[in-house]
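The following explanation is a guided reading of one protein model and the ligand placed in it. It begins at the ligand and then moves outward to the chain as a whole and to selected residues.

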Amino acid sequence: MACTKFEYVKKFESFQSLLPNCYIVIRIDGHSFHRFTSIHNFKKPNDRRALDLANLAAMKVMEEFQDIRIAYGQSDEYSFVFDKNCKIYKRRESKLVSLITSLFTANYVFNWSKYFSAVELQYLPSFDSRAVIYPSLENLRDYMSWRCADCHINNLYNTIFWCLVQDESSPKTVSEAQDILKDTDSGMKNEMLFSKFGINYNNIEEIYKKGTVLYRKNELLTKSDSNISRVKSVIKMDHVDIINDKFWKENPEIFKSA
Ligand SMILES: Nc1nc2c(ncn2[C@@H]2O[C@H](COP(=O)(O)OP(=O)(O)OP(=O)(O)O)[C@@H](O)[C@H]2O)c(=O)[nH]1
Ligand SMILES: [Mg+2]
């Protein structure tokens with residue numbers, strides 16, 4: 001490109017590189033999803049179609065960015081974790097944050113009708129996002145445990161809250177339900193769910209209680225007509241407790257390439 005007298009303006013551009021040797025987490029979050037979910041009549045407390053749609057959008061992001069080793073999603077948020085040694089786009093924060101967010105959002109809209117076939121989009125959803133870096137695996141795991149605990153706490157609360165509000169024999173107003181739940185711990189909420197509504201919280205689907213984890217796993221592929229085999233990295237989807245050691249012990253290769 002020819003040099004022009006205008007080109008000096010490029011020197012005003014600045015960019016921040018995310019610290020080397022640290023895990024990069026990019027967390028996206030639905031913008032004003034309280035409104036978006038209400039206008040599109042999402043089921044309460046959880047709309048399975050919405051979770052499946054977000055999981056598909058996240059899967060597409062992971063397929064595009066090989067450096068993302070694990071992702072975790074719940075409610076209207078998704079966290080994508082890049083390998084600590086990744087050099088992608090020189091670790092430029094704005095490049096990574098904007099690319100992940102736009103790719104996720106585009107896939108969310110593109111695939112909307114697959115899950116919400118009878119629901120016309122009234123307006124386009126948008127997502128904000130941020131990048132956070134964690135220097136150790138322990139910090140990263142604590143971050144993911146934090147998001148997973150948030151999923152569990154909110155899901156338990158929302159489950160009993162909407163039972164109280166939608167109770168056919170004695171429906172409570174929103175503020176009455178909030179009042180009833182104000183000083184309850186999780187044991188009391190479990191008990192109330194069981195005794196008043198016959199719901200055993202343990203039997204609620206794992207996706208609602210634990211959220212969704214997408215991670216890379218190395219699989220040994222053997223051709224049926226020969227004994228040649230090779231290791232291939234595939235993306236797995238699960239709804240397991242990532243707070244426990246078990247998941248991490250069973251999947252030591254998450255931060256190792258195939
Ligand atoms: N009914 C229903 N609502 C949901 C579901 N998933 C997410 N939401 C809504 O999305 C909100 C997500 O919480 P936040 O991200 O804190 O709230 P927000 O309205 O998106 O606000 P900002 O993120 O600050 O823009 C929840 O409070 C719910 O209102 C769902 O499956 N069903
Ligand atoms: Mg939100």
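**The ligand and its surroundings**

Classified by side-chain type, the shell around ligand 1 consists of 3 nonpolar, 7 polar and 5 charged residues. The model is a predicted one, and the distances and areas given here are computed from it. Among the 15 residues around ligand 1, those that come nearest are D29, S32, F33, H34 and D47. Two elements, β1 (residues 23-30) and α1 (residues 33-39), each supply at least two residues of this shell. The element that gives the most is α1, with 3 residues.

Which polar backbone atoms approach the ligand, and at what distances? At D47, a polar backbone atom is 2.8 Å from an oxygen atom of ligand 1. At H34, a polar backbone atom is 2.9 Å from an oxygen atom of ligand 1. At P45, a backbone N or O atom lies 3.4 Å from a nitrogen atom of the ligand. Ligand 1 taken alone exposes 640 Å², and the protein buries 65% of that area. The space that ligand 1 takes up is the largest pocket.

Two of the residues already named also deserve attention for their backbone geometry. Most residues other than glycine have a negative phi, and most peptide bonds are trans. S32 has a phi near 50°, a positive value in a residue other than glycine. S32 is placed in the loop between β1 and α1. This residue counts as partly exposed because its relative accessibility is 41%, a value in between the cut-offs of 20% for buried and 50% for exposed. At P45, the notable feature is the peptide bond that joins it to K44: this bond is cis, with omega near 0°. P45 is found in the loop between α1 and α2, the latter spanning residues 48-64. P45 thus combines a cis peptide bond on the K44 side with a backbone atom 3.4 Å from a ligand nitrogen atom.

**The chain as a whole**

The protein chain has 9 helices and 6 strands. Its C-alpha atoms fill a box of roughly 75 × 60 × 40 Å, taken along the principal axes. Of the 258 residues in the chain, 38% are buried.

**Selected residues along the chain**

A positive phi is also found at K90, where the angle is near 50° and the residue is other than glycine. K90 is placed in the loop between β3 (residues 77-82) and α3 (residues 93-110). Is K90 buried or exposed? K90 is exposed because its relative accessible area is 66%, and exposed means over 50%.

Strand β3, which precedes that loop, contains F80. F80 is buried, because its relative accessible area is 0%. The C-alpha atoms of F80 and F36 are 23 Å apart in space, and the two residues are 44 apart in sequence.

Helix α2 contains A54. With a relative accessible area of 10%, A54 is buried. How far apart in space are the C-alpha atoms of A54 and Y108? They are separated by 6.4 Å, although the two residues are 54 apart along the chain.

Further along, T184 is found in the loop between α6 (residues 174-181) and α7 (residues 186-197). T184 lies in a loop and nevertheless counts as buried, because its relative accessibility is 14%. Its side chain reaches the backbone oxygen of L181 at 2.8 Å.

L221 belongs to strand β5, which covers residues 212-222. Its relative accessibility is 33%, so L221 counts as partly exposed. The C-alpha atoms of L221 and S233 are 10.0 Å apart, with these positions 12 residues apart in numbering along the chain.

Terms used
Residues numbered from 1 in each chain as written. Chains lettered and ligands numbered in written order. Predicted model: local features only at pLDDT ≥ 70, side-chain atom pairs only at ≥ 80, totals over all residues. Heavy atoms only, no water. Near = heavy atom within 4 Å. Polar contact = N/O pair within 3.5 Å; in protein donor to acceptor, adjacent residues only side chain to side chain. Areas by Shrake-Rupley, 256 points an atom, 1.4 Å probe, with all protein chains shown as cover. 1 Å grid on protein atoms, 1.4 Å probe; cavity = no way out; pocket = protein on both sides within 12 Å on 5 of 7 lines; lining within 4 Å. Sits in = over half its atoms within 2 Å of the grid points. Helix = DSSP H or I, 4+ residues; strand = E, 2+ residues; numbered from the N terminus. Nonpolar A, V, L, I, M, F, W, Y, C, P; charged D, E, K, R; others polar. Buried < 20%, exposed > 50% of the residue type's maximum accessible area, 1.4 Å probe, protein only.
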